[in-house]
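Hello,

Here is the structure I promised to pass on to you. Please have a look at it first, and then read my notes underneath.

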Amino acid sequence: MNKKKLLIIDDDPRNIFALVNTLRVKSYDCLSCLSAEEALKILGTDEIIDAILIDMMMPEMDGYEAIPLIKSIPSRKLTVIIAVTAQAMAGDKEKCLSAGADDYISKPIDVDKLLIALSKI
């Protein structure tokens with residue numbers, strides 16, 4: 001079985017560190033970046049990415065702006081995007097999904113819920 005490759009986009013290196021270490025133990029390959037702009041450069045290449053975990057609240061360009069841009073890249077239209085956010089108020093999940101995310105995980109991340117979401121890729 002081939003390992004699935006994830007792109008983690010988060011402006012906080014501590015969040016990236018925690019996710020990468022958790023997901024590598026679960027046999028995922030992880031690539032990460034600290035901004036949506038950097039992610040768009042990576043996603044514009046032929047790098048194989050099976051799913052994207054994107055923090056919705058980042059400076060410069062947030063996940064709400066980045067997701068439609070990611071989905072507009074022809075080779076990324078079907079790439080699974082999971083919104084990761086500390087925003088857990090009523091309506092936040094719907095806002096993430098309407099921006100184009102395929103799923104939503106709130107922070108602090110429940111690893112079991114994340115693994116269920118990733119099992120769909």
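Below is what I found, going from a central strand to the cysteines and then the salt bridges.

A word on the basis: this is a predicted model, in which local features need pLDDT of at least 70 and side-chain atom pairs count only at pLDDT 80 or more, while totals for chains, interfaces and linings use all residues. Residues are numbered from 1 along each chain as its sequence is written, and side-chain values use heavy atoms, with hydrogens and water left out.

Let's begin with strand β3, residues 51–55 (helices, H or I of at least four residues, and strands, E of at least two, are DSSP runs numbered from the N terminus). Its 5 residues are all buried, so the strand is largely enclosed by the rest of the structure. Here, buried means under 20% relative accessible area, exposed over 50% and partly exposed in between, with a 1.4 Å probe and protein chains only. Ala 51, Leu 53 and Asp 55 cover one side of β3, and Ile 52 and Ile 54 the other.

Strands count as paired if DSSP finds at least two bridges between them. β3 runs parallel to β1 (residues 5–9), with 4 bridges, and Ile 8 has Leu 53 as its bridge partner. β3 also runs parallel to β4 (residues 80–85), with 5 bridges; there, Ile 52 is partnered by Ile 81.

What about the cysteines? With a disulfide taken as a pair of cysteine sulfur atoms within 2.5 Å, the count is 0. For Cys 30, the nearest cysteine sulfur is that of Cys 33, 12 Å away. Cys 96 is buried at 0% relative accessible area, and its sulfur is 17 Å from the closest one, in Cys 33, which is too far for a bond.

Finally, there are 7 salt bridges, each being a side-chain nitrogen of Lys or Arg within 4 Å of a carboxyl oxygen of Asp or Glu. One of them joins Glu 47 and Lys 5 at 2.3 Å, N to O. Glu 47 sits in the loop between α2 (36–43) and β3, and Lys 5 in β1, so this pair ties together parts 42 residues apart in sequence.

Strand β3 takes part again through Asp 55, which meets Lys 107 at 3.4 Å, N to O. Lys 107 lies in the loop between β5 (103–106) and α5 (111–118), 52 residues from Asp 55. Asp 55 is buried at 4%, whereas Lys 107 is partly exposed at 22%. Together with Asp 10, these two are linked in a network of salt bridges.

Best wishes
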